[in-house]
Each structure stands twice: as C-alpha cells, then as structure tokens.
Amino acid sequence: MSGEVHAEGGVTSGSTEASLTECPLCLHQLRCPRSLPCFHSFCEECLKTSILSKSPEPNEESSFQCPVCRVVTLPVDPKQNRDEWTAEFEANKLIIELTSQSDSDSKQFYCYPCGKKGQTDTVATVWWKEANKYLCDSCKKNDLISEDDTLVSIDADFLPKSAVCSKHSTDVSMICDDHHSICCPICIAIDHRRCDTIHKYADYVKNMRTPSQMENTQKKLEDAIDALTLIVKDMKSRIQELLGDRDGFIDNVKQLKAKIEEQLNGLQKALSDEAHAVFNDKKQELDGVIRKCELMKGCIMTTKSMTETEQINKNDMHMVRTFQKGEIEIEAGRRLVQELAEPYLTAGLTHKVEKTKTDEDCNERRRNSEDENTEKGNETTLLLSALSLGTLETTSQARAFPVQSSVLLPLSLLQARELNEMEIKTSSDDSDCRIAGLVYLPDGRLIVSDNGNEKLKMFTADGNLLDELKISYCRDICMKDAETVAVTQNEEGKITHVRIESKRKLELDSGIDIMTSRKIDAIALGRDCYIVGSGLNSSSYEVFKMIGDSKHELNWYCRTPQGVAYDPHNDTVVYTEFHTTDDTASVIRIMQDKDLVKLARVSDQVSGATGLDLDQDGNIYVCCSGSKKIVQISRHGNIRPLVDISDPYRIAVCGRKFAVSMETQSTVKFFEIF
C-alpha cells in the first residue's frame with residue numbers, strides 16, 4: 001500500500017460524513033478504524049486503550065464490552081493477548097473511503113505559521129513542498145524559503161496530502177485502479193507490482209476531465225443516487241407497513257384481551273355463585289348444629305338453676321324429678337356430642353387450578369431447553385393455568401374436638417388408665433391358669449373361663465373368689481341373660497349354660513345344652529341367637545349363628561377366627577382373625593347381606609388380633625398380641641391405640657370400664673375410660 005503525507009496546517013472537514021468518520025472515544029477523525037460485530041467503529045489505538053483500561057470480570061476473561069452499546073464482544077482469536085485483540089478486527093473500508101474523499105474534495109487548507117499565531121482562519125495559497133507546510137501570501141515570503149525550494153499553488157489541480165509519499169519522500173505520480181490509491185513509483189514497484197491497472201496521474205486526470213468520462217461518471221453517480229433513493233423509499237415504506245402491522249397487532253391484542261376479560265368475568269361470576277351456594281349450604285348445616293347445641297345448653301342451664309333453689313331441699317319428689325331430668329338431658333347431650341364428634345370434621349372451600357395441556361407442553365419445552373429461564377417458565381405456566389380460573393372444591397378434614405374433658409364426651413374421644421389387677425389362680429387349681437373367656441358384670445363381678453384348670457370362676461370386684469365350677473374343655477363365655485352364662489366346650493362342640501344363683505353361686509343348667517357339631521373357639525350373644533366362631537382347633541373355619549339347635553352360616557371361609565362380637569347398633573357381626581402380615585385384614589364386619597367389610601388391617605397396629613368386645617356406643621375394643629396394645633375402633637372407623645399391654649388375649653367391656661386377660665398369665669387387669 002502507498003504511504004500518505006500530512007502537510008502541517010489547519011483543515012476543516014465538510015459536515016456530510018463528520019458523524020460517520022468521528023471516533024466515539026477520542027471525538028476526532030477516525031485513525032485506522034476498526035469495526036466490532038455490533039457495527040460500532042473506533043480508532044484502533046482508542047479501542048485498545050479501552051479494552052486494557054478495564055479489569056475483566058470473572059465471566060469476561062475471554063471477552064469485552066463494546067464501549068458504546070455495552071454488548072459483550074468476543075475477540076477474533078481468544079488465544080491471543082488482550083493487547084492484540086484490536087488489530088484482529090476488520091478495518092472499516094467504508095469509513096476509510098469516506099475519509100479519503102473528504103480529504104480530497106471538501107477540505108480547505110490554512111496557513112501553518114498564521115495558525116501558530118492564533119489566526120487559524122487564514123487561507124493558504126501555496127504549499128511549501130520541502131517543508132510540507134501550507135502558507136498564505138504573506139508567509140510565503142519567509143526568508144527560510146530558498147530559491148531551490150518549490151512552492152506549489154493551491155488550485156483546482158492541487159493534489160492535497162499526496163504530493164510527496166510519506167514512505168519514500170518522492171512525488172506521487174501514479175494511480176492504482178485496483179486499490180484506488182495515488183502512489184509514488186516506488187510504491188508501485190513494491191506494493192502494487194501485481195495490480196492489473198496502473199495509470200499515470202496526469203493521464204488519469206486528463207482522461208477524467210473529458211466530457212464523456214465526466215458524463216459517464218455523473219450518470220453512474222445519478223444511477224447510484226436513484227438506486228439508493230429507491231431503497232430508502234422502500235425502507236420507509238417497510239417502516240410504514242411495520243407500523244401498520246404493529247398497530248394491527250396491538251388492536252388484535254386489545255380485542256382478544258376484551259374477549260378474554262368478558263369470558264373471565266363470566267367464569268368469575270359462575271365460580272362466585274357456586275362458592276356462595278356452597279357456603280350457604282355449609283353455613284345452614286352449622287347453624288342447625290348451633291341451634292341444637294344452644295337449645296340443649298338452655299335446657300341444661302334451666303335444670304342446673306333448679307338444683308340451686310331452696311325448693312329442691314324441701315320437696316323430695318321435686319328433687320328426684322330434677323335429678324332425673326338432669327340425667328336425661330346429660331345423656332341427650334352426650335348423644336348430640338357423639339353425633340358431632342364422630343367424626344368431627346370441618347368443611348373447607350379450596351381453589352384448584354388444573355394444569356392444561358398447554359402447561360404440560362410448556363413444562364416439557366422448559367425441561368428440554370438448557371437455556372430456558374426457569375422463573376419465566378413458571379410465570380408462563382401459572383398464567384396459562386390461571387386463564388381457566390380453576391374449579392371450586394369442597395374439602396372435609398378432621399378437626400380437633402374443642403372439648404378435652406366433659407361428661408358429654410363420647411367414649412371414642414376419651415383416654416384409658418389402669419385401675420388394678422386381679423389374681424384368678426385359686427388354691428384348688430392343679431395346673432397353670434389359661435384364661436379363655438371373660439364376662440364383666442355391671443356390679444363389678446368378674447366371671448372367668450379357666451381353660452388350663454377346666455373351671456368357670458366368679459370373683460367379686462375386690463378379687464375374692466365367690467364360686468368355681470368344673471367344666472371340661474371350657475373356652476369362651478358370654479352372658480345369655482342377667483343370670484345365665486353360656487360356656488363353650490370346645491372338644492365336645494357344645495354350648496353349656498350356667499345359672500348364677502343369688503349372685504354368688506354357679507350351677508349347671510343341664511336341660512338347655514346346644515350341640516353345634518363344631519369345635520367352638522369364640523361366642524357372643526346376638527339378637528335371639530348365639531354368634532359362634534370355629535376354627536382354632538377345627539378342620540373348618542367359619543362364623544355362624546346358632547338359633548336353638550339350628551346352624552345358620554354367616555361366613556363360611558374365615559382364617560382362624562379368634563373372637564366374635566355382636567353390634568346391636570346395626571345388627572351386624574364383628575370378628576377377628578389372627579394375622580401378623582402387613583395389609584392383611586384382622587378385624588372384619590359381616591353385614592346383614594353377608595358382605596364383608598374390612599375394619600382394620602395389621603398395618604393399622606392391629607397385629608395378632610384375638611379377643612374383642614363392644615361398648616355402649618358401638619366402639620370396638622381389640623386385643624392385639626402382635627402389636628402389644630388394646631386398640632379402639634370407633635363406629636366411624638377411626639383407629640387408635642388405647643392401652644399398651646403385653647400379650648392381651650380376652651377383653652370384656654362394661655360401661656366405662658374394661659377387663660383384659662393375658663394368654664399366659666393368671667391375672668386380669670382392669671382399666672377405666674376417663
């Protein structure tokens with residue numbers, strides 16, 4: 001490439017390309033302009049200084065920011081040092097061309113000596129070739145100029161800044177068409193020897209000044225102007241089209257938004273109406289319960305005030321009736337609380353938003369895209385789901401009962417505590433006791449079937465032996481009526497009846513024995529019948545009814561039924577099976593149509609179920625030898641451990657008390673529900 005000379009003197013550039021040829025950093029004309037991928041151009045030295053002046057962030061060690069738009073820019077070759085990055089960016093040829101044209105066509109040349117004196121607007125008339133300075137008419141008479149020096153007049157043919165080659169200090173007299181450069185002969189020989197079109201400067205100027213060449217050039221320029229005008233016109237037309245598209249899009253969005261808002265308003269009204277309706281229904285139910293409780297509370301408060309009057313101390317009949325009224329009201333209140341508390345549930349209204357297919361697609365795209373912004377994706381999913389406004393769901397959850405201790409609380413909400421234990425081994429026993437059946441009477445007496453000694457024993461509440469009766473193969477027992485005990489004789493397949501004389505004596509009632517033709521392991525009194533479980537030592541496993549001497553099957557395939565009980569609240573039978581494997585049903589109810597309902601499994605802490613009994617409210621108490629607990633199952637199916645006890649086998653419930661025997665021990669433990 002040819003070198004350039006710069007004569008000393010002032011210059012003023014035309015304003016047409018000033019903004020394009022100005023460096024944003026130094027605010028002077030671009031020198032060796034370098035363009036970044038963001039199309040901003042800088043002086044090579046200015047850009048290098050900018051890159052090196054800032055310490056790179058940890059994530060920008062192999063990049064830098066454009067000084068103008070702050071776009072992160074990667075170097076052409078990241079392996080090079082930072083101080084070498086600038087030179088690798090492409091030179092902006094357009095700006096170089098504009099600068100060259102501006103220098104040659106638009107610049108005025110000013111006197112250098114006058115400029116040094118502060119007179120910067122003095123126009124130069126000659127160029128002092130040897131000193132490469134511009135001079136005005138006054139300064140060209142300088143004594144420093146010898147007769148051999150050359151003063152070139154600045155006229156239309158003057159070639160500014162190129163008269164002498166800066167590299168070789170020789171006149172520039174050649175033009176290279178291939179590079180559009182004005183060169184000296186040495187530059188042609190060295191830098192342009194492979195170029196195809198080289199002209200003499202004088203010939204080139206003479207040719208350019210011919211009318212045909214000027215006309216041709218003007219036509220080309222006009223053609224270029226017309227082409228650029230059409231392009232600009234088309235670009236402006238495209239801007240108008242984009243403007244119309246933008247406005248149309250915004251209008252469509254507004255219309256769609258209005259439609260969506262109209263639809264959402266309809267959905268909101270429907271959901272609000274549904275919520276109001278559900279709330280009113282639930283509130284009506286709760287208001288009804290409140291009225292019942294307030295009415296019951298008012299009655300009890302009236303009765304209480306009656307017990308505090310003087311008349312109750314003076315009139316025995318009034319006192320008796322008042323206390324009876326109080327007992328009736330407390331019982332009614334207990335039934336009301338039991339109805340409320342089993343189970344004690346609270347209704348709730350929940351807003352549920354189902355994920356749409358669009359949501360799933362959005363989530364799938366987010367999972368498959370490594371660069372997806374998670375937070376933005378979540379917001380999009382939420383928005384898409386929210387457009388349906390969701391649905392109203394009515395929930396029902398268990399709620400802690402607000403009363404912890406009261407005479408009104410049902411047995412299913414109370415706790416149990418041990419009272420005492422009783423030794424049932426007597427002086428006449430020859431073998432270890434094995435309690436196979438229990439009956440707990442309201443006055444505290446306890447009747448025990450001792451299979452180890454083949455005896456039926458009766459004790460007082462204090463543990464004193466009242467009587468004992470020898471009965472072979474005796475197993476489970478139950479009360480037939482207030483004065484008769486039914487005793488199963490396992491090996492003989494017989495149900496024997498024993499009368500209780502004067503609450504102190506046990507006597508066989510031999511006239512009403514029932515033969516079952518089955519080995520009997522468990523027995524309970526049903527409605528006008530006995531409920532019998534057979535299977536522990538029998539070839540067949542079943543639970544059946546005995547009405548007189550007639551056998552009626554209830555469930556003909558049971559696995560080792562251990563205990564049976566009759567539930568008078570719904571005329572059903574409940575029995576236990578001994579299992580220790582998870583998810584195996586261990587407590588089963590036989591419905592009136594003989595369908596089976598599984599009440600509890602081993603996984604519900606009901607492992608190794610044996611004896612069972614029911615209380616006055618219909619709650620089931622189960623002996624669980626596997627989990628070493630007494631478990632209570634409420635009439636609504638709530639299962640909870642009530643007592644921790646080792647090896648429980650049989651249980652008998654009486655009011656708010658129950659007795660439990662251990663299979664390998666000769667003691668019976670008594671518990672109270674409080």
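**Cores, strands and a pocket in a predicted model**

User: Which members of the largest nonpolar core touch the most others, and what makes this set a core?

Analyst: Of its 20 residues, Tyr621, Ile630, Val643, Ile645, Ile651, Phe658 and Val660 touch the most other members. The set is called a nonpolar core because its members are buried Ala, Val, Leu, Ile, Met, Phe, Trp, Tyr or Cys residues joined through side-chain atoms within 4.5 Å. Buried means under 20% relative accessible area, exposed over 50%, and partly exposed in between, with a 1.4 Å probe and protein chains only. This is a predicted model, in which local features need pLDDT of at least 70 and side-chain atom pairs count only at pLDDT 80 or more, while totals for chains, interfaces and linings use all residues. Residues are numbered from 1 along each chain as its sequence is written, and side-chain values use heavy atoms, with hydrogens and water left out.

User: Which elements each supply at least two residues of this core?

Analyst: They are helix H9 (316–341) and the strands E33 (620–624), E35 (639–644), E36 (648–654), E37 (657–662) and E38 (667–673). E37 gives the most, with 3 residues. A second, separate core has 15 residues, among them Val439, Met458, Val485 and Ile500. Helices (H or I, at least four residues) and strands (E, at least two) are DSSP runs numbered from the N terminus; the protein has 11 helices and 38 strands.

User: With which residues is Ile645 in contact, leaving aside its neighbours within four places in sequence?

Analyst: Ile645 is in contact with Lys628, Lys629, Ile630, Val660, Met662, Lys669 and Phe671. The word contact applies to heavy atoms within 4.5 Å. For the protein, 48% of the contacts with a separation of 6 or more are between residues 24 or more positions apart.

User: Why is E38 described as largely enclosed by the rest of the structure?

Analyst: Of the 7 residues of E38, 5 are buried, so the strand is largely enclosed. In the protein, buried residues make up 36% of the 674 residues.

User: How do you know which strands pair with E38?

Analyst: Two strands pair if DSSP finds at least two bridges between them. E15 and E38 have 7 bridges in the antiparallel sense, and E37 and E38 have 5, also antiparallel; both counts meet the criterion, so both are pairs. Thr667 in E38 is the bridge partner of Glu423, while Glu672 in E38 stands opposite Lys657. A hairpin of 4 residues joins E37 to E38.

User: What makes E18 and E19 a pair?

Analyst: Strand E18 (455–459) and strand E19 (465–470) run antiparallel and are joined by 5 bridges, which satisfies the pairing criterion. Lys457 has Glu468 in E19 as its bridge partner. The two strands form a hairpin with 5 residues between them, and Gly463 in the turn has a positive phi of about 90 degrees.

User: Why is Cys433 called buried?

Analyst: The relative accessibility of Cys433 is 7%, which is below the limit, so the residue counts as buried. Cys433 lies in the loop between E15 (416–423) and E16 (435–440). Beyond its neighbours within four places in sequence, its contacts are Ile424, Lys425, Asp450, Asn453, Lys457, Gln665 and Ser666.

User: Why is Asp571 called partly exposed?

Analyst: Asp571 has a relative accessible area of 25%, which falls between the two limits, so it is partly exposed. Asp571 sits in the loop between E28 (561–567) and E29 (572–577), and has a positive phi of about 55 degrees although it is not a glycine.

User: Why does Lys594 count as partly exposed?

Analyst: At 42% relative accessibility, Lys594 also lies between the limits and is therefore partly exposed. Lys594 belongs to the loop between E30 (585–590) and E31 (596–601); its phi is near 75 degrees, a positive value in a residue other than glycine.

User: Why is Ile633 called buried?

Analyst: Ile633 has 1% relative accessibility, so it meets the definition of buried. Ile633 is placed in strand E34 (629–633). The residues it contacts, apart from neighbours within four places in sequence, are Val587, Ala600, Asn619, Ile620, Val622, Asn638 and Ile639.
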